[in-house]
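Trainee: I should like a close look at one loop position in this model and at the parts of the chain around it. Please begin with the residue itself and then widen the view step by step.

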Amino acid sequence: MAVATQRITLYTTKICPYAHRVEIALAEAQAEYKKYQIDLANKPEWYAPKVNPASKVPALAYGGPDIAPETPSPESEKLAESLILVEFVADLFPQASLLPEDPVLRAKARFFVETISSKLTPTYGAFVLRGESSERVLSGLEAIQDTLPETGKYAVGDQYTIADVAFTPFIARFKFATENELGKFTPEEGRRFVEALQQPKFLKLSAYIGRLLERESFKATFDRDFFKGFLQQRFS
Ligand SMILES: N[C@@H](CCC(=O)N[C@@H](CS)C(=O)NCC(=O)O)C(=O)O
């Protein structure tokens, strides 16, 4: 376990792909931290005023005394927004090498993250939760594939970085939902997504996704049964 200079408490929710990013980053860093599950349907009254005024997960408390997460201390720093938290973890634990040292690779990692933010994350709710067509998701994935390097295991080469962390929770949920036919999308749209990813056109992306989902930090932080239960309860 790697110990940060100060205490970390992560406020998270298992179904949330944004919060999942921070759990992956902390797992990559082998960080010691406390985790508190926020029930989004019934948020604790202290959460917005004392942790995150935006009332969203993920949020992170850094520093302060060793107290229970449900009584957050005014002495800890409260930080939010998944991509900012992933970079914060990268900064706290440089030995995890989540940010490349080379400035060009750093810029490429951030460009990849930007591509995910502009082309893919908005399509998750639209397709899986609201049943819009898979077209926008597939064109987002094409843009992401175009951003991958010709060689290398991950988004910017052989080093696993913030870019991979940003993508993993989303693609894992797209795949899980469509492969298990659980979501607001029609069965035809679900099949279209699954079959599209098997086409030769997506060979490079599929191989990359396979490597992401084999990563220990992902496997240790994705509760498939919980996610399945959430989708079943909502959509079947
Ligand atoms: N831009 C934010 C998005 C976080 C977000 O939308 N989280 C959702 C859960 S996945 C949330 O907390 N929603 C508040 C609510 O449902 O009340 C980030 O990257 O952290």
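Mentor: Thr161 sits in the loop between α5 and α6. The model is a predicted one, and the values that follow are computed from it. With a relative accessible area of 0%, Thr161 is buried, since the limit for that class is under 20%. Setting aside the residues within four places in sequence, Thr161 is in contact with Leu98, Pro100, Ala109 and Val156.

One of these partners, Leu98, deserves attention in its own right. Leu98 belongs to the loop between α3 (82-92) and α4, and at 1% relative accessibility it too counts as buried. Apart from neighbours up to four places away in sequence, the contacts of Leu98 are Ala25, Glu28, Ala90, Tyr160, Thr161, Ile162 and Val165. Leu98 can also be placed relative to Glu87: the two are 11 residues apart in sequence, and their C-alpha atoms are 8.0 Å apart in space.

The loop that holds Thr161 can next be followed into the helices on either side. On one side is α5 (residues 135-147), a helix of 13 residues. The end C-alpha atoms of α5 are 19 Å apart, which agrees with the 18 Å that 1.5 Å a residue would give. The buried residues of α5 are Val137, Leu138, Gly140, Leu141, Ala143, Ile144 and Gln145. These buried residues pack against α4 (103-129), α6, α7 (187-198) and α8 (203-214).

On the other side is α6, which covers residues 162-179 and has 18 residues. From its first C-alpha to its last, α6 reaches 26 Å, close to the expected 26 Å. There is nevertheless a kink of about 30° in α6 at Thr168, shortly before the proline Pro169. Because 16 of its 18 residues are buried, α6 is largely enclosed by the rest of the structure. The helix is followed by Glu181, which has a positive phi near 50°.

Two further buried positions may be set beside Thr161 and Leu98. Glu23 is in helix α1 (residues 17-28) and, at a relative accessible area of 5%, is buried. The side chain of Glu23 forms a polar contact of 3.0 Å with the side chain of Lys35. Lys35 also appears among the residues that Glu23 touches beyond four places in sequence, together with Leu10, Thr12, Tyr33 and Thr221.

Tyr11 is located in strand β1 (residues 8-12), where its relative accessible area of 1% makes it buried. The side chain of Tyr11 reaches the backbone oxygen of Pro69 at 2.6 Å. Beyond four places in sequence, Tyr11 touches several residues, among them Tyr36, Ile38, Trp46, Tyr47, Pro69 and Pro72. Between Tyr11 and Thr121 the separation is 110 residues in sequence and 20 Å in space, C-alpha to C-alpha.

The annotations give a wider frame for these positions. UniProt, in an unreviewed entry, lists "domain: GST N-terminal" for residues 6-97. That span is 29% helix and 18% strand, and its end C-alpha atoms lie 19 Å apart. The UniProt annotation "domain: GST C-terminal", likewise from an unreviewed entry, covers residues 102-235. Here the composition is 73% helix and 0% strand, with the end C-alpha atoms 45 Å apart.

Finally, the chain as a whole. The protein chain contains 10 helices and four strands. Its radius of gyration is 18 Å, close to the 18 Å that the globule rule gives for 236 residues, so the chain is as compact as a globular protein of that length. From the N terminus on, its elements run β-α-β-α-β-β-α-α-α-α-α-α-α-α. The C-alpha trace spans about 55 × 45 × 25 Å along its principal axes. Of the 236 residues, 49% count as buried. Among contacts between residues at least 6 apart in sequence, 73% join residues at least 24 apart. Contact between Thr161 and Leu98 is one example of how the loop between α5 and α6 meets the loop between α3 and α4.

Note on methods: Residues are numbered from 1 along each chain as its sequence is written. This is a predicted model: local features need pLDDT of at least 70, side-chain atom pairs count only at pLDDT 80 or more; totals for chains, interfaces and linings use all residues. Side-chain values use heavy atoms; hydrogens and water are left out. Helices (H or I, at least four residues) and strands (E, at least two) are DSSP runs, numbered from the N terminus. The expected span of a helix is 1.5 Å times one less than its number of residues. The bend at a residue is the angle between axes fitted to the seven residues ending there and the seven starting there. Buried means under 20% relative accessible area, exposed over 50%, partly exposed in between (1.4 Å probe, protein chains only). A polar contact is a pair of N or O atoms within 3.5 Å; within protein, one must be able to donate a hydrogen and the other to accept it, and residues adjacent in sequence count only if both atoms are side-chain atoms. Contact means heavy atoms within 4.5 Å. UniProt positions are given in the numbering used here, feature names are shortened, and annotations may be inferred rather than shown by experiment. The radius of gyration is taken over C-alpha atoms; the globule rule is 2.2 Å times the number of residues to the power 0.38.
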